[in-house]
Amino acid sequence: MATISNSLPLKHGISLWCPQHASFNRIRLPSSFGSPASTRRYSVVSCAFANENREFVIVGGGNAAGYAARTFVEHGMADGKLCIVTKEAFAPYERPALTKAYLFPLDKKPARLPELGGFHTCVGSGGERQTPDWYKEKGIEMLYEDPVTGIDIEKQTLSTNSGKLLKYGSLIIATGCTASRLPDKIGGNLPGVHYIRDVADADSLISSLEKAWKVVVVGGGYIGMEVAAATAGWKLDTTIVFPEDHLLPRLFTPSLARRYEEFYQENGVKFVKGASIKNIEAGSDGHVTAVKLVNGSTIEADTVIIGIGAKPVVSPFESVSINTTVGGIQVDGQFRTSVPGIFAIGDVAAFPLKMYNRIARVEHVDHARRSAQHCVNALLTAKTHLYDYLPYFYSRVFEYEGSPRKIWWQFFGDNVGETVEIGNFDPKIATFWIDSGKLKGVLLESGSPEEFQLLPKLARSQPHIDIAKLQKASSVEEALELAHASLEAGAAL
């Protein structure tokens, strides 16, 4: 997830969706964008691979690409027609696992690629595991480890790092994000300093963890929390350093964050809050030895993991309607860019968040999956309804064998307005966001399947709720029953 300014109060809305600043989430949609005048020109070219022509080309090899491929297959439009170009050496996989089960110690049953079939898409949503053989069987051409370096929009061609020239009929950009990095001049690229975005990054980190004693995690967001939970499973001396006052300030309230911080501390993780990095120090062999803070203090470390956000990968597509406010490539409600025949999906797409009437860019697997499916369905059929996404975020940590407790929370909606917190984190706790009497968002820790299923219904319907009654709820279950009753009362009107 991207680094965001946290200077604005919660009333400005959830900033998880906007990679620059929470206030940018309030951008209004241009009335002309996505109008009939911008209808895509549909062109079909020869799909014979021998002469480098492809009818459909997807650039990128992450979640969005894998789910788009599945949707092409479902429509019978993949065999001999679809090509996926990726910089990675693997077929598309469920990237969230890289900071979760992939980092588990070997004695705690980690997820792995590719020898065990691993976590290729679309297993994360209960679908078929799309291994490299799956793509072969479906007639999908895969170009691995060959990133796209250029595009000629007029000629509808892509050039790749290996020198290939690919002609496309329709192009889907699914390049995702890259990890934000610390500058080289302060040690951001020293041996022992790690970033996590792909399998190679995670493999490199695991190699370091096998020899590590003292770990410093820079960043108190999603990546920082998930990596620290994993290193705790390795029984390593782990310290999280971040400039904010509490964990995940883009979503957690201070009181909610305190519950999680206490749990991490019980598992041996230390916190240094309100701190900024001055530089990362190295020993005579060039390997990292410590993290020096702006306040002059130093934390010993032989392994450092940087989790300070991500940036959309727009190169080499800068000529395709870049959104300079939220970042990424601007699209309409069917993921069409301003260039006919070119689409963008997943993390890189700046799209209309219809239910909140603003432009957003969401860095989350759920959006990657749904945007891919919506885009391909719109491309191949006469469906014209606009993407109507409900923001959803979750985290699952401490799930390895031997963990004293598993942590799993889900959030749906918008974190605006005042909050009501119910529960004692034993194991459940819920936070409700209420604005002008309406329930706007809800976060639940350790809910039952039925309780988790209720959350999106509440967030999408935004029922009026009696905040005084909600505050008096004696348990999470009672609070959810009150919210459910408000939902049913609103539906009956």
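In this predicted model, a convenient place to enter is D237, which is partly exposed, with a relative accessible area of 25%. The carboxylate of D237 forms a salt bridge with K270, and the closest N and O atoms of the two side chains are 2.8 Å apart. Because K270 lies in strand β11 (residues 269-272) and D237 in strand β10 (residues 237-241), the pair ties together parts that are 33 residues apart in sequence. K270, at 40% relative accessibility, also counts as partly exposed, since the class of partly exposed residues runs between the limits of 20% and 50%. The contact does not stand alone, for K214 joins D237 and K270 in a network of salt bridges.

The two strands just named belong to an open sheet of five strands, whose order is β8-β15-β9-β10-β11 and whose pairing is parallel. The edges of this sheet are β8 and β11, each of which has a single partner strand, so one side of each is left without a neighbour in the sheet. At the β8 edge, the partner is strand β15 (residues 303-306), and the two strands pair in the parallel sense over two bridges. Within this part of the sheet, H194 stands opposite I305 in β15. Helix α3 packs on the sheet, where it touches β8, β9 (214-218) and β15, and the direction of the helix makes about 150° with that of β15.

The loop that runs between β8 (193-194) and α3 (199-209) holds R197, which forms a salt bridge with D347 at a distance of 2.9 Å between the closest N and O atoms. This pair links distant parts of the chain, since D347 sits in the loop between β18 (342-344) and β19 (349-353), 150 residues apart from R197. D347 is buried, with a relative accessible area of 11%.

A further salt bridge joins R369 and E94, with the closest N and O atoms 3.0 Å apart. Here R369 belongs to helix α6 (residues 365-380) and E94 to the loop between β2 (82-85) and α2 (132-137), so that the two residues are 275 residues apart. Both partners are buried: R369 has a relative accessible area of 15%, and E94 has one of 5%. Counted over the structure, the salt bridges come to 22.

Aromatic contacts add another set of links, and the structure holds 23 aromatic pairs. In one of them, the rings of F335 and Y387 have their centres 4.7 Å apart and their planes at 65°, and the pair is edge-to-face because planes over 60 degrees apart are classed in this way. F335 lies in the loop between β17 (329-330) and β18, and Y387 in the loop between α6 and β21 (392-397), so this pair ties together parts that are 52 residues apart in sequence. F335 is buried at 0% relative accessibility, and Y387 is buried with a relative accessible area of 6%.

Y387 also pairs with F351, with ring centres 5.4 Å apart and planes at 70°, so this pair is edge-to-face as well. F351 lies in strand β19, and the pair links parts of the chain 36 residues apart. Like the other two rings, F351 is buried, and its relative accessible area is 0%.

Finally, charged side chains also meet aromatic faces in this model. R181 lies over the face of Y195, at 4.0 Å from the ring centre, and R405 lies over the face of F425, at 4.1 Å from the ring centre.

Methods: Residues numbered from 1 in each chain as written. Predicted model: local features only at pLDDT ≥ 70, side-chain atom pairs only at ≥ 80, totals over all residues. Heavy atoms only, no water. Salt bridge = Lys/Arg side-chain N within 4 Å of Asp/Glu carboxyl O. Helix = DSSP H or I, 4+ residues; strand = E, 2+ residues; numbered from the N terminus. Buried < 20%, exposed > 50% of the residue type's maximum accessible area, 1.4 Å probe, protein only. Pairing = 2+ DSSP bridges. Contact = heavy atoms within 4.5 Å. Axes fitted to C-alpha atoms, helices over the stretch in contact; angles between N-to-C directions. Phe/Tyr/Trp six-rings, centres within 6.5 Å; stacked < 30°, edge-to-face > 60°. Lys NZ or Arg CZ within 6 Å of the ring centre and 35° of its normal.
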